[in-house]
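Please open the structure in your viewer and keep the sequence panel visible. The tour proceeds from selected residues to the chain as a whole.

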Amino acid sequence: MTDKELQLLVEKISLSYFAKKFNHKAYFNNRLKTTGGRYHIQSHNIDINPKMLEEHSYQTLVGVVKHELCHYHLHLAGYSGKHNTVAFKQMLNAVGGSRYAPAPKNKNLLKYVCSNCGQIYLRKRRINTNRYVCSKCHGKLIKRG
């Protein structure tokens, strides 16, 4: 999906679920790592994490767009667009937006297996197998994959 297609999707969702036009820009932002999207108060633009579509489903992307549009429409109407306000929670439930974005899938995990009991350890960083042992049976760890 391109930025133009995302822009059209956001405009369509805004009209159909909020009955209001979206007059600003929506685009993908590759720098977003831990969040599904972001609404900018100053420029009123919305940027979306492209991993919401790449690693998850189309429905996840739609849920994140609805969430950001709740911030957008509440802010432009003069209300607080914070997550903890009653107005935000009510609007989010009314349109069926997602409260939280799913965690990004980490593809770069290292796998270590205990040679005695078979316990599996997934780590982001490399482990010194000469120094560290299995936490259950104190067996030797072997790197796999």
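Begin by selecting Gln-7. In this predicted model, Gln-7 is buried, because its relative accessible area is 16% and the limit for a buried residue is under 20%. Gln-7 is located in helix H1, which covers residues 3-18. Now display the residues around Gln-7: leaving aside those up to four places away in sequence, Gln-7 touches Phe-22, His-24, Lys-25 and Ala-26.

Next, select Asn-130. Is this residue buried or exposed? Asn-130 is exposed, since its relative accessible area is 71% and exposed residues are those over 50%. Asn-130 belongs to the loop that links strand E5 (120-123) with strand E6 (141-144). Keep Asn-130 selected and add Gly-78, then draw a distance between the two C-alpha atoms. The separation is 61 Å, for residues that are 52 positions apart along the chain.

The third stop is Ser-98. Select the loop between helix H4 (86-95) and strand E4 (110-114), where Ser-98 is found. Which residues does Ser-98 touch, if those up to four places away in sequence are not counted? They are Gly-63, Val-64, His-67 and Leu-92. Look closely at Gly-63, for the side chain of Ser-98 reaches the backbone oxygen of Gly-63 at 3.3 Å. Then add Met-52 to the selection: Met-52 and Ser-98 are 46 residues apart in sequence, while their C-alpha atoms are 12 Å apart in space.

Now clear the selection and colour the protein chain by secondary structure. Four helices and six strands should be visible. Followed from the N terminus, the elements appear in the order α-β-β-β-α-α-α-β-β-β.

Turn the whole chain slowly to examine its overall form. The C-alpha trace spans about 60 × 35 × 25 Å along its principal axes. The radius of gyration of the protein chain is 21 Å, whereas a compact globule of 145 residues would have one near 15 Å. Among contacts with a separation of 6 or more, 40% are between residues 24 or more positions apart.

Finally, switch to a surface view. The protein chain exposes about 9,500 Å², of which carbon and sulfur atoms supply 51%. Of the 145 residues, 38% count as buried; Gln-7, the opening stop, is buried. Colour the surface by charge to end the tour: the chain has 25 positive and 7 negative charges, and the mean positions of these two sets are 15 Å apart.

Key. Residues numbered from 1 in each chain as written. Predicted model: local features only at pLDDT ≥ 70, side-chain atom pairs only at ≥ 80, totals over all residues. Heavy atoms only, no water. Helix = DSSP H or I, 4+ residues; strand = E, 2+ residues; numbered from the N terminus. Rg over C-alpha atoms; globule rule 2.2 N^0.38 Å. Buried < 20%, exposed > 50% of the residue type's maximum accessible area, 1.4 Å probe, protein only. Contact = heavy atoms within 4.5 Å. Areas by Shrake-Rupley, 256 points an atom, 1.4 Å probe, with all protein chains shown as cover. Lys, Arg positive; Asp, Glu negative; His and termini not counted. Charge placed at Lys NZ, Arg CZ, Asp CG, Glu CD. Polar contact = N/O pair within 3.5 Å; in protein donor to acceptor, adjacent residues only side chain to side chain.
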